[in-house]
Amino acid sequence: MIFDTNILIYLSNYTLTLPNIILNQASISVITKIEALGYAFKNKAEHELLVDLCDVIPVIPLTDAIAEATIDIRKKHRIKLPDAIIYATAAVQNLPLLTNNIADFKSLGNKVELIDPFTL
């Protein structure tokens, strides 16, 4: 499954804990890595945990297929570019998206299964 940026932030500040089986199946978009590591943390330990997470979770690069899917999404929907890239990454990889921001993606259709981590 693809983790949205908010999932990494919740993991870094212990707002969320996930079973190892889910963590072992996780991937992130390159944009998630950029957003998460670019976040201005006041707590250095949270930032260090994020760095560690990004070192072990596979990062899916921006490919032509993801770029094309992102372009298609942006033509049809008013959505922020990072969210469009993350959603397109999940769609192209044919993986569910783990996010606490279901509402941000709901209008994009049913191409990607959206999972709220707090309902697991």
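This passage describes the sheet and the aromatic ring pairs of a predicted model.

The strands are considered before the side chains. Five strands make up an open sheet with parallel pairing, and their order across the sheet is E3-E2-E1-E4-E5. At the edges stand strand E3 (59-60) and strand E5 (114-115), each of which pairs on one side only. Strand E1, formed by residues 2-3, runs parallel to strand E4, formed by residues 97-98, and the two are joined by two bridges. Within this pairing, isoleucine 2 is found opposite leucine 97 in E4.

A search of the whole structure for aromatic pairs yields three, and two of these are described here. In one of them, the ring centres of tyrosine 39 and phenylalanine 41 lie 4.5 Å apart while the ring planes meet at 70 degrees, and the pair is therefore edge-to-face, since this class requires an angle over 60 degrees. The two partners differ in burial class, because tyrosine 39, at 44% relative accessibility, counts as partly exposed, whereas phenylalanine 41, at 15%, counts as buried.

Another pair is formed by tyrosine 87 and phenylalanine 105, whose ring centres are 6.0 Å apart and whose planes stand at 15 degrees, so that this pair is classed as stacked. Tyrosine 87 belongs to helix H6 (residues 81-93) and phenylalanine 105 to helix H7 (residues 102-106), and the pair thus links distant parts of the chain, the two residues being 18 residues apart. With a relative accessibility of 1%, tyrosine 87 counts as buried, and phenylalanine 105, with a value of 0%, counts as buried as well.

How values were computed
Residues are numbered from 1 along each chain as its sequence is written. This is a predicted model: local features need pLDDT of at least 70, side-chain atom pairs count only at pLDDT 80 or more; totals for chains, interfaces and linings use all residues. Side-chain values use heavy atoms; hydrogens and water are left out. Two strands pair if DSSP finds at least two bridges between them. Helices (H or I, at least four residues) and strands (E, at least two) are DSSP runs, numbered from the N terminus. Rings of Phe, Tyr and Trp (its six-membered ring) pair if their centres lie within 6.5 Å; planes under 30 degrees apart count as stacked, over 60 as edge-to-face and the rest as tilted. Buried means under 20% relative accessible area, exposed over 50%, partly exposed in between (1.4 Å probe, protein chains only).
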